[in-house]
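Thanks for making time this morning; I would like to take you through one model, beginning with a sheet and ending with its cavities. Please have a look at it while I talk.

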Amino acid sequence: MGSEVYPEQVFKGIAASPGVAHGKVYLFVPKELEIPDTPVEKGGEDDEVELLEQKLMETRQQVLKLQKEVAERLGDDEARIFDAHLLVLEDRALIEETIREMRESGRNITFCFHAVAQRYIDAFAHIDDEYLRERANDIRDVSKRMLHNLVGEAHYGLARLGAERVIVARDISPSDTANIEKGKVLGIITDAGSKTSHAVIMARSIQVPAVVGMRNITKLLTNGDEILVDGYDGQVIINPSEKTLFRYGKFQEEKKSLEKKILAQIRRSTTTRDGKTISLMANIEGANEVERIRQYGAEGVGLFRTEYLFLNAPEFPSEEEQFQAYDAVARAMAPDPVIIRTLDLGGDKFPNSVYRTDTETNPFLGLRAIRLCLENTDLFKTQLRAILRASVHGNVKLMYPMISGAGELERANEILREARGELDRKKAAYNPDIKVGAMIEIPSAAVTSDILARKCDFFSIGTNDLIQYLLAIDRVNERIAHLYEPTHPAVMRMIQTVVDAAHRENIPVGLCGEIAGDPVLVPIFLGIGVDELSIVASGLPAIKYMLRNVDFADMKKLTDEVFKLDDPKKIFATAEAFYKKHVSHLIA
Ligand code: PEP
Ligand code: MG
């Protein structure tokens, strides 16, 4: 198609990875594999079992090789995706069921493996949980590789991309992308997909724009079509007109000059024009992120989400393994602070191993975070010992998630004392003055923050959860996402209550939910009195730039103004006007 002959068409999906790409389509629709439906020859059953075991081994070796390649090219985090594939290949239940089915039905082992794997995929795909549904994709991906090996056909994935292209696919699995040449992918568009899908993780890590959830875009496009991907707004434009290309070209130029301006300030302090310094820290999920957050100018780790060490592990990490991770971050960031949050499993974060919590009707209101730890004190104490030991080598602080009131905080501290006693008996070193804080993310904690402030050293407000519990809006339900309003007057008031309670007891308050990375909203929260911000690393430069170009006194005035308003939309508009007046003209 050429843009002069065919009109422009605009489609909307979910913005998954930022950026704009313009180029030709590479339609990636792998052809269906034909599964032979032949019976096993009499007496040939053992040979079939041998074939299965041999192909499992072969597949395992391929996956390990891929994992190594991906680790070298993209990093350990991306490579860890393949751990789930290796687990499937070692799953004796699946293997034994395949062999039993072959012996009982008399069909060949390829046919039976396909049938059994399909049953597993269906079972996972129908679970009402996004994380577990994604596990169905892991089984689908690795069983496809295994079936290719059984049938004897090579599995190329996206290795044969050739020229630079925008990949358009129904979905993209880690195996498909493993051999991809980084520079050859301009962008990624998929029919399927959610924010946690592998295609999205991959797109973000190789920093190409992506739009997912396009439903049936693969049916509308063919190889070589001209397309524009807008990963900021989640738009896909087929046959973009000259006008559109010009508009996007200008937009990209502006983005680039803005990035340059912003990045130039990254090493400067986060101080407002009238001299107020704010501590700007990063949220991390693993020790390997430290280098990256430093590049973005993080002045500490305001939230280490330790549950990610537990999520994809076949077994929970030992005290030593945890210690290694915490210690590495503490040393690398010293003397800057590292706030290590104890386990927040449950809600939408379920481990693969023991302590499954995904059978609850309302997991966000269930056995989550500190509640789970207080019921499993061995698990909790193991983590506390690891954190305490890491406190020797840096500025480590410890924080409990999902505290609902003083009783829970006291019980957690009691277990902390026991953990310290155990280390004392072993003569293991730790910082006896380690600071202990509470996340304020449940309304009951916010309402009783005056009591809690007397019992801990700092607060960190987790707005992701505080807003969902305060407004009764499930934070992962896309149908009510429009009702999730950080500028609701109830949110403003609640944050004010917490800040005032903390400051009366002379303890600092951080903000570590996603809104701490929104340059339009941040002035309101700083005007309320929040002392520290902790956000995803890539958001730090924009916040720093904004803060260096405003007066703290003006942010306070803005806060006074929005507290007089009764409507979330009006509050947002006022904050936006403030941003436009003080910041956006500087970068236009
Ligand atoms: C929060 O709830 O705001 C928070 C930072 O924690 P998480 O997103 O891990 O629940
Ligand atoms: Mg939370």
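Let me begin with a definition: two strands count as paired if DSSP finds at least two bridges between them, strands (E, at least two residues) and helices (H or I, at least four) being DSSP runs numbered from the N terminus. What you see is a predicted model, in which local features need pLDDT of at least 70, side-chain atom pairs count only at pLDDT 80 or more, and totals for chains, interfaces and linings use all residues. Residues are numbered from 1 along each chain as its sequence is written.

In E2, Ala 15 stands opposite Val 211 in E6, and the two strands run antiparallel, joined by 3 bridges. They belong to an open sheet of 8 strands with mixed pairing, in the order E1-E8-E7-E3-E4-E5-E6-E2. Strand E1 (9-12) and strand E2 (14-17) stand at the edges with a single partner strand each, so one side of each has no neighbour in the sheet.

Now to the cavities, a cavity being a set of points on a 1 Å grid over the protein atoms alone where a 1.4 Å probe fits but cannot get out, with lining residues having an atom within 4 Å of a point. Grid points are joined across faces, edges and corners, and a volume is the space filled by probe spheres set on the points. The count comes to 4 cavities of 30 Å³ or more, and the largest has a volume of about 80 Å³. Its lining has 14 residues, with Arg 305, Arg 341, Asn 464, Asp 465 and Arg 475 nearest the centre.

How values were computed
Chains lettered and ligands numbered in written order. Heavy atoms only, no water. 1 Å grid on protein atoms, 1.4 Å probe; cavity = no way out; pocket = protein on both sides within 12 Å on 5 of 7 lines; lining within 4 Å.
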